[in-house]
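This report describes a predicted model. It takes up one helix residue, then a pocket, and then the packing of the interior.

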Amino acid sequence: MIIRILALVMLSWIVGFIVFAVSLPLPLDDRETDAIVVLTGAPMRIERGLEAVEKDWSKAMLITGVDRQVLREELVAQYPDHEATFNCCIDLGFAAVDTRTNALEMARWVAKGEYDSVRLITSDWHMHRAAFEIERAMPDNVTIYRDAVRGEPSLRVLFTEYNKYLLRLAGALTGI
């Protein structure tokens, strides 16, 4: 009996991983939102946020998870064609060190700005866990629109992210 239960758990984990890997979220369309939040940590996320602001899909953007050692001028210098966008519309968040604290930082920024809708930008392989954390941190009246940046994650990255997502789900179920 124990072997059957373990086999069922293992089979469920494998099927879940396959579903997770083949159903990565897609980029969002050009709908407008009150604000944009970009989570740092992988290529093309900030570029996607800059594109969204410059196409007037939103007027305000937070980049959360910026390393505390990075100066605003250094970050702006990496995107010299977008200096005006940085100056008018982008706040930098230095308080977050992981996805969970990204969600808390984002929730404070959204409440301060009184935004009702947010375009969440992160990598496709990171979106499930990020959205889970953020939706838990946000009040019910804020709508989160998932805008995934397409990546080419390795099997190792997918494996790690899938297990992190499962651990967070388990943690949430147990009140952690």
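Leu169 is a residue of helix α7. With a relative accessibility of 28%, Leu169 falls between the limits of 20% for buried and 50% for exposed, and therefore counts as partly exposed. Its C-alpha atom is separated by 8.7 Å from that of Arg129, although the two residues are 40 residues apart along the chain.

Arg129 also belongs to the surroundings of the largest pocket, which has a lining of 15 residues; among those closest to the pocket centre are Arg129, Trp125, His126, Glu161 and Lys164. The volume of this pocket is about 190 Å³. Helix α7 (155-173) and helix α5 each supply at least two residues of the lining, and α7 accounts for the largest share, with five residues. The composition of the lining by class is given below.

| Class of lining residue, largest pocket | Number of residues |
|---|---|
| Nonpolar | three residues |
| Polar | six residues |
| Charged | six residues |

Helix α5 also contributes to the interior. Does its length agree with, or depart from, the span expected at 1.5 Å a residue? The helix comprises the 15 residues 99-113 and should span 21 Å; the C-alpha atoms at its ends are 21 Å apart, so the two values agree. After the helix comes Glu114, which has a positive phi near 55°.

Within α5, the buried residues are Thr99, Asn102, Ala103, Glu105, Met106, Ala107, Trp109 and Val110. These buried residues pack against five strands, β1 (35-39), β2 (61-64), β3 (90-93), β4 (117-123) and β5 (143-149), and against helix α6 (127-137).

In soluble globular proteins, nonpolar side chains tend to be buried together. The largest nonpolar core of the model consists of 21 residues, and the members with the most contacts inside this core are Met106, Trp109, Val110, Ile134, Met138 and Ile144. Two or more residues of the core come from each of β1, α5, β4, α6 and β5. Of these elements, α5 gives the most, with five residues.

Which residues does Trp109 touch, leaving aside those up to four places away in sequence? They are Ala35, Ile36, Val37, Ala60, Met61, Leu62, Asp91 and Tyr115. A second core, separate from the largest one, has 19 residues, including Ile63, Val66, Val76 and Ile90.

Terms used
Residues are numbered from 1 along each chain as its sequence is written. This is a predicted model: local features need pLDDT of at least 70, side-chain atom pairs count only at pLDDT 80 or more; totals for chains, interfaces and linings use all residues. Side-chain values use heavy atoms; hydrogens and water are left out. Helices (H or I, at least four residues) and strands (E, at least two) are DSSP runs, numbered from the N terminus. The expected span of a helix is 1.5 Å times one less than its number of residues. Buried means under 20% relative accessible area, exposed over 50%, partly exposed in between (1.4 Å probe, protein chains only). Contact means heavy atoms within 4.5 Å. A nonpolar core is a set of buried Ala, Val, Leu, Ile, Met, Phe, Trp, Tyr and Cys residues joined through side-chain atoms within 4.5 Å. On a 1 Å grid over the protein atoms alone, a cavity is a set of points where a 1.4 Å probe fits but cannot get out, and a pocket is an open set with protein on both sides within 12 Å along at least five of seven lines; lining residues have an atom within 4 Å of a point. Grid points are joined across faces, edges and corners, and a volume is the space filled by probe spheres set on the points. Ala, Val, Leu, Ile, Met, Phe, Trp, Tyr, Cys and Pro count as nonpolar, Asp, Glu, Lys and Arg as charged, and the others, Gly among them, as polar.
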